[in-house]
Amino acid sequence: MIDPFGRPITYLRVSVTDRCDLRCVYCMAEDMEFLPKRDLLSLEELDRLCSTFVDLGVRKLRLTGGEPLVRRNVMTLINSLGRHVKSGALDELTLTTNGTRLADFAGQLADAGIQRINVSLDTLDKEKFRTITRWGDLSKVIAGLEAAKTAGLKVKINTVAMRDVNDNEFNRMIEWCGDQDFDLTFIETMPMGDIDGGRTEQYLPLSIVRANLGQKWTLEDDCYQSGGPARYTLCRETGKRVGFITPMTHNFCESCNRVRLTCTGTLYMCLGQDDAADLRAPLRQSESNEPLLSAIHEAISRKPKGHDFFIDRRHNRPAVTRHMSVTGG
Ligand code: SAM
Ligand code: SF4
């Protein structure tokens, strides 16, 4: 799959559910309405779709959500997709999770062929964690991270940088990740979906964060590429990577190699655009993959050059109307 701008599409992110057991303030409104279960693709359908993308050249598959580990029987899907890692068709099968259920799943994930996971954690303070996630229990995530280490999973922590919320903790996070042997990536808030409250107050440019961190830490530019949009540095003092995902201040579209699939079979060709293609109808239309293949090729031919995220300060409107939990970030 090569898009109109010559970019090979080798990375598929799949949101296996839009549901979540948390309600992070930057991601969801407290009273989120979720999709009716009947609209969801079955696990078998998700497997067939993902496997078709693997046949078409996808080398990296990331499961996300919503919270992927709240989808019932999700291990059936993960175990099945693991066959592509074992056969060498996939370089990597991985997962982004909030970690609340990781204590139960870490061993099974490793057995399925997953080697690395991303765990989202914005604070190490119990009370603040509860406030950011609206009701989450930090100790569950910490137990999950312990289980991940025991299972031999490599962990990268994702931290959304928020002004006046967690910006006094970044040094502590770097230190803690160093102690735990975790990489760390800071993410700028992206204006996606209606949430309760404003975005402009939360938004903190990572250029400022990086400059401040540079006063305490030696952050050396690192050529490591995860296949994602993060720019990495190596922290000389901890020996771990510290990455920065800056969709608002740095346009990373020129090297974009990814598309995103929702749990209803909608393919988004760009995180920052609303254009999408329905793959559920062609998937269900026939047992043969012909209609599906032509729908995928047609969609890839529409992949846009880039996104135009911006925070609409005057109207306080999101740049993209769907929530991050639909496409999983
Ligand atoms: N529930 C899982 C989790 O939290 O890791 C997976 C889905 S979550 C939508 C994926 C990532 O998107 C998380 O790291 C989360 O912090 C991030 N995220 C959610 N909404 C965001 C927003 N508006 N701006 C930036 N990052 C966001
Ligand atoms: Fe759930 Fe992840 Fe969104 Fe938080 S960021 S509400 S954990 S989907």
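How many salt bridges does the count come to? In this predicted model, the count comes to 19 salt bridges. A few of them are worth a closer look, together with the surroundings of a ligand and the buried face of a helix.

One salt bridge pairs the side chains of Arg 284 and Glu 45, with 2.7 Å between N and O. Arg 284 belongs to helix 8 (residues 280–285) and Glu 45 to helix 1 (residues 43–55), so this contact ties together parts of the chain that lie 239 residues apart in sequence. The two partners sit in contrasting surroundings: Arg 284 is partly exposed, at a relative accessible area of 45%, whereas Glu 45 is buried, at 18%.

Glu 169 takes part in a salt bridge with Lys 128, in which the closest N and O atoms are 3.1 Å apart. This pair, too, links distant parts of the chain, 41 residues apart: Lys 128 is in helix 4 (residues 126–133), while Glu 169 lies in the loop between strand 5 (154–161) and helix 6 (170–180). Glu 169 also forms a salt bridge with Arg 172, and here the closest N and O atoms are 3.8 Å apart. With a relative accessibility of 5%, Glu 169 counts as buried, because the cut-off for that class is under 20%. Its partner Arg 172, by comparison, is partly exposed, with a relative accessible area of 46%. Elsewhere, shared partners connect salt bridges into one network, made up of Asp 181, Asp 183, Asp 222, Lys 240 and Arg 241.

Turning to the ligand, which residues surround ligand 2? The shell consists of Cys 20, Cys 24 and Cys 27, along with Leu 22, Arg 23, Gly 66 and Asn 98. Sorted by class, the residues around ligand 2 are four nonpolar, two polar and one charged.

Helix 7 (residues 206–213) offers a view of how a helix is packed. Leu 206, Val 209 and Leu 213 of this helix are buried. Around the axis they span an arc of only 50 degrees, and therefore lie on the same side of helix 7. The spacing fits a general rule: an α-helix has 3.6 residues a turn, so residues three or four places apart point the same way. Several elements cover the buried residues of helix 7, including strand 5 and helix 6. Strand 6 (183–188), strand 7 (219–221) and strand 9 (241–245) are also among the elements that cover these residues.

Key
Residues are numbered from 1 along each chain as its sequence is written. Chains are lettered from A and ligands numbered from 1 in the order in which they are written. This is a predicted model: local features need pLDDT of at least 70, side-chain atom pairs count only at pLDDT 80 or more; totals for chains, interfaces and linings use all residues. Side-chain values use heavy atoms; hydrogens and water are left out. A salt bridge is a side-chain nitrogen of Lys or Arg within 4 Å of a carboxyl oxygen of Asp or Glu. Helices (H or I, at least four residues) and strands (E, at least two) are DSSP runs, numbered from the N terminus. Buried means under 20% relative accessible area, exposed over 50%, partly exposed in between (1.4 Å probe, protein chains only). A residue is near a molecule or strand if one of its heavy atoms lies within 4 Å of it. Ala, Val, Leu, Ile, Met, Phe, Trp, Tyr, Cys and Pro count as nonpolar, Asp, Glu, Lys and Arg as charged, and the others, Gly among them, as polar. The arc is that of the directions from the helix axis to the C-beta atoms. Contact means heavy atoms within 4.5 Å.
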